[in-house]
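User: Can you walk me through this one? I'd like to go through it piece by piece.

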Amino acid sequence: MYPLGDQAWVMRFGTAISEELYDLVSGFAALIERKPFVGLREVMITYTTVTVYYDPWEIAGGGAALQADGSLRQSASLPTPHCPGAWEQTPTAPGDAVAEYLQGLLEEIGTEQVWAGTEEEAANVIHIPVCYSGEYGPDLQTVAEHHGYSVDEVIELHTNREYRVYMLGFAPGFAYLGGMSEKLYAPRKAVPRVQIPAGSVGIGGLQTGIYPLETPGGWNIIGRTPLAMFRPWDKQPTLLRAGDRVRFVAIGPQEFVRRLEGVMQ
Amino acid sequence: MSIRIRRAGMYTTVQDLGRYGYRGGGVPVSGAMDQFALRAANVLVGNASGAAALELTMVGPELEFLEAVMFAICGAEMEPRINGQKVPAWRPIIAQKGQFLELSRALDGCRSYIALAGGIVIPPVMGSKSTYARARVGGFAGRALRSGDILQAGRSGFNLDSMVRSWSSGKRRTKPNLVMTDVRQSVLTEDVHGVQNCSVGWAAAPWYVSPAIRPAYREKPELRIIRGRESKCFKQECMDGFLSTSYRVSPQSDRMGYRLQGEQLELVQPLEMITEAAAPGTIQAPPDGQPILLMSDCQTTGGYPRIAHVISADLPLAAQLKPGSMIRFREVTLREAHEQLLLREMDLRLLQAGVRGRMAEL
């Protein structure tokens with residue numbers, strides 16, 4: 001457990017990417033959200049960590065110090081300039097208070113119960129339509145040739161399995177997917193493209209993912225989805241969320257045009 | 001309709017305190033780079049401290065007032081003028097319909113904030129009015145302001161005419177400062193000499209934010225840090241150098257972060273990091289050994305080793321850096337970081353109480 005600056009704690013559960021470790025990570029994150037504390041801002045997960053963002057002022061009880069009429073009441077829990085050592089006499093410093101709370105959650109709930117929590121959640125499988133042909137997949141041929149496959153075989157290998165969304169990061173709505181077939185490994189391009197259209201599906205090394213925004217990038221682009229991965233107008237602003245399971249479904253160009261959403265340009 | 005942008009300045013955006021709750025979706029917090037200056041400006045005009053305001057960068061804009069407006073400017077000195085006459089920053093000002101406010105190149109620092117009484121009427125996106133331009137999210141149509149844009153201030157409830165009369169009258173208060181004078185020096189400083197303004201119709205309050213509570217803005221600031229998780233992965237002489245030498249802010253710097261130039265940061269041995277969280281203030285060391293200080297629009301996650309984190313209380317100092325600025329780092333404990341943050345928060349609350357008291361007296 002370590003501080004990420006003065007407004008977050010990170011709890012690291014392991015050092016390798018694995019489904020089992022990830023179940024623990026997502027289970028513990030869900031637990032914190034079920035049992036929040038005053039001053040909790042949000043919880044974010046990565047492959048191996050749970051990051052807990054907090055508001056030190058709220059935790060120090062600072063909000064209570066401002067009276068309804070706008071005047072300030074001297075609060076015993078806050079440090080004052082003429083007694084800078086006030087922490088010794090006050091409730092725990094905010095950072096320590098959050099750390100203690102999180103340690104308590106870890107101890108109070110045994111690992112087994114955290115696991116059980118995740119199993120009860122229904123697996124949410126999201127089908128993502130992808131047009132793999134022509135202009136939408138400019139590097140499809142390259143990826144195929146890299147392994148001596150046909151284009152159809154590449155599409156088959158990409159669509160015949162479920163992927164797990166481990167986390168989102170890098171850009172709004174960008175999902176880190178796990179579970180791609182090693183047979184599709186394709187090294188990043190030596191010269192990255194200047195503009196990759198939003199919705200582009202790519203392979204970079206052993207990873208596959210979808211670019212939610214138009215950006216430069218070095219991945220091999222094998223197709224494009226008409227769905228908006230980042231949808232700020234929606235109550236759920238990202239199509240995918242950590243923990244979701246994903247399946248790619250091949251569609252043709254006409255269906256692509258028909259299903260095109262308000263994709264970010 | 002409250003103000004029209006005549007000249008947009010170098011990079012002017014609508015910002016508030018940021019977008020929380022969506023980091024899990026890869027959405028950065030964004031928000032004002034110098035949160036103290038934004039909040040002080042808001043408090044001066046009677047807004048909630050986190051209301052949406054304008055963030056100005058390096059070169060300020062020129063605005064036309066389409067109606068009488070109360071506003072305040074806080075942050076870097078950009079020599080604001082109304083119809084050619086200098087106006088002071090760090091205090092509320094009332095301009096009349098038809099007047100022009102012009103700001104120039106920052107003499108010191110980099111960023112300044114203009115808050116309008118009533119805030120800025122703009123639809124929030126994902127709970128915030130902050131602009132995240134890379135994804136065209138929030139603020140004014142998801143982008144920086146341009147010439148011709150019109151902004152609307154919200155209702156403030158102030159009687160601007162009577163305030164102009166009172167501020168122009170030259171009267172100075174005789175009552176003592178009501179707010180905690182025995183604990184801390186006054187957060188508002190009386191302007192004994194006043195501002196000559198009656199002749200052109202705008203008026204400035206005869207008090208301003210005390211320099212004593214402003215962050216320690218200076219040419220070569222010292223940024224306090226706490227150690228990052230991977231700090232022990234760096235060679236000891238590199239850590240020592242990081243904490244004792246100066247770094248220069250390179251031209252490759254913007255709201256996402258600043259590339260710094262200086263003492264190389266070398267790892268004891270190669271480190272393959274799995275992506276973990278990053279936050280504004282985080283200092284990363286990429287393979288080339290030159291640190292990157294992440295700022296408001298930074299990505300939510302990163303794979304580079306994190307050597308340190310600038311404490312929140314010192315982020316306003318970081319926000320005032322521009323290419324060529326020199327900075328140093330000094331280590332503090334997490335407790336000290338929190339103490340500074342809470343003291344800063346207290347100052348802003350005191351400021352708010354002080355301003356409310358002044359406004360109520362009018």
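User: Start with chain A. What share of its contacts with a separation of 6 or more comes from residues 24 or more positions apart?
Analyst: 61%. Keep in mind that this is a predicted model.

User: And what is chain A built from, in helices and strands?
Analyst: Chain A has 13 strands and seven helices. Of its 265 residues, 54% are buried.

User: Take helix α5 of chain A. Which residues are buried there?
Analyst: The helix covers residues 140–147, and A:L140, A:V143 and A:A144 are buried in it. Down the helix axis, the buried residues of α5(A) fall within an arc of 100°, so they line one face.

User: What do they pack against?
Analyst: Three elements of chain A: α6 (151–159), β9 (200–204) and β12 (220–224).

User: What follows α5(A)?
Analyst: A:G148. Its phi is positive, near 75°.

User: New topic: cores. How many residues are in the largest nonpolar core?
Analyst: It has 60 residues. Those with the most contacts inside it are B:M70, B:W167, B:F242, B:I283, B:L293, B:F329 and B:L351.

User: Which helix gives the most to this core?
Analyst: Helix α1 of chain B, residues 35–44, which contributes seven residues.

User: Stay with B:M70. What does it touch?
Analyst: Leaving out residues up to four places away in sequence, its partners include B:W167, B:F158, B:L160, B:M163 and B:M359. B:P92, B:I93 and B:I94 are also among them, and so are B:A115, B:L116 and B:A117.

User: What about a second core?
Analyst: There is a separate one of 42 residues. A:Y176, A:I196 and A:Y211 belong to it, and so does B:V125. As background, nonpolar side chains in soluble globular proteins tend to be buried together.

User: Now the interface. How many residues does each chain put into the contact?
Analyst: Chain A puts in 55 and chain B 51. The area buried between them is about 4,600 Å². Carbon and sulfur atoms give 64% of that area.

User: Which three residues supply the most on the chain B side?
Analyst: B:I274, B:R335 and B:L342. Together they supply 14% of the area that chain B buries against chain A.

User: How many salt bridges are there between the chains?
Analyst: Four. In one salt bridge, the side chain of B:R335 meets that of A:D96, at 3.2 Å from N to O. So B:R335 turns up twice.

User: And how many residue pairs are in polar contact?
Analyst: 15 between chain B and chain A, counting pairs with both residues at pLDDT 80 or more.

User: Which elements of chain B give two or more residues to that side?
Analyst: β18 (276–277), β22 (306–310) and α5 (334–361). The largest share comes from α5(B), with 15 residues.

User: Last bit, backbone oddities. Which value is phi of B:S30 near?
Analyst: Near 55°, which is positive in a residue other than glycine. B:S30 is in the loop between β2 (13–15) and α1 of chain B.

User: Is B:S30 buried or exposed?
Analyst: Buried, because its relative accessibility is 3%, under the 20% cut-off.

User: And where is B:R136?
Analyst: In the loop between β10 (111–116) and β11 (150–151) of chain B. Its phi is also positive, near 55°.

User: Buried or exposed, for B:R136?
Analyst: B:R136 is exposed, with a relative accessible area of 56%.

Definitions and conventions. Residues numbered from 1 in each chain as written. Chains lettered and ligands numbered in written order. Predicted model: local features only at pLDDT ≥ 70, side-chain atom pairs only at ≥ 80, totals over all residues. Heavy atoms only, no water. Buried < 20%, exposed > 50% of the residue type's maximum accessible area, 1.4 Å probe, protein only. Helix = DSSP H or I, 4+ residues; strand = E, 2+ residues; numbered from the N terminus. Arc of directions from axis to C-beta. Contact = heavy atoms within 4.5 Å. Core = buried A, V, L, I, M, F, W, Y, C linked by side-chain atoms within 4.5 Å. Buried area = accessible area lost by both parts, 1.4 Å probe. Polar contact = N/O pair within 3.5 Å; in protein donor to acceptor, adjacent residues only side chain to side chain.
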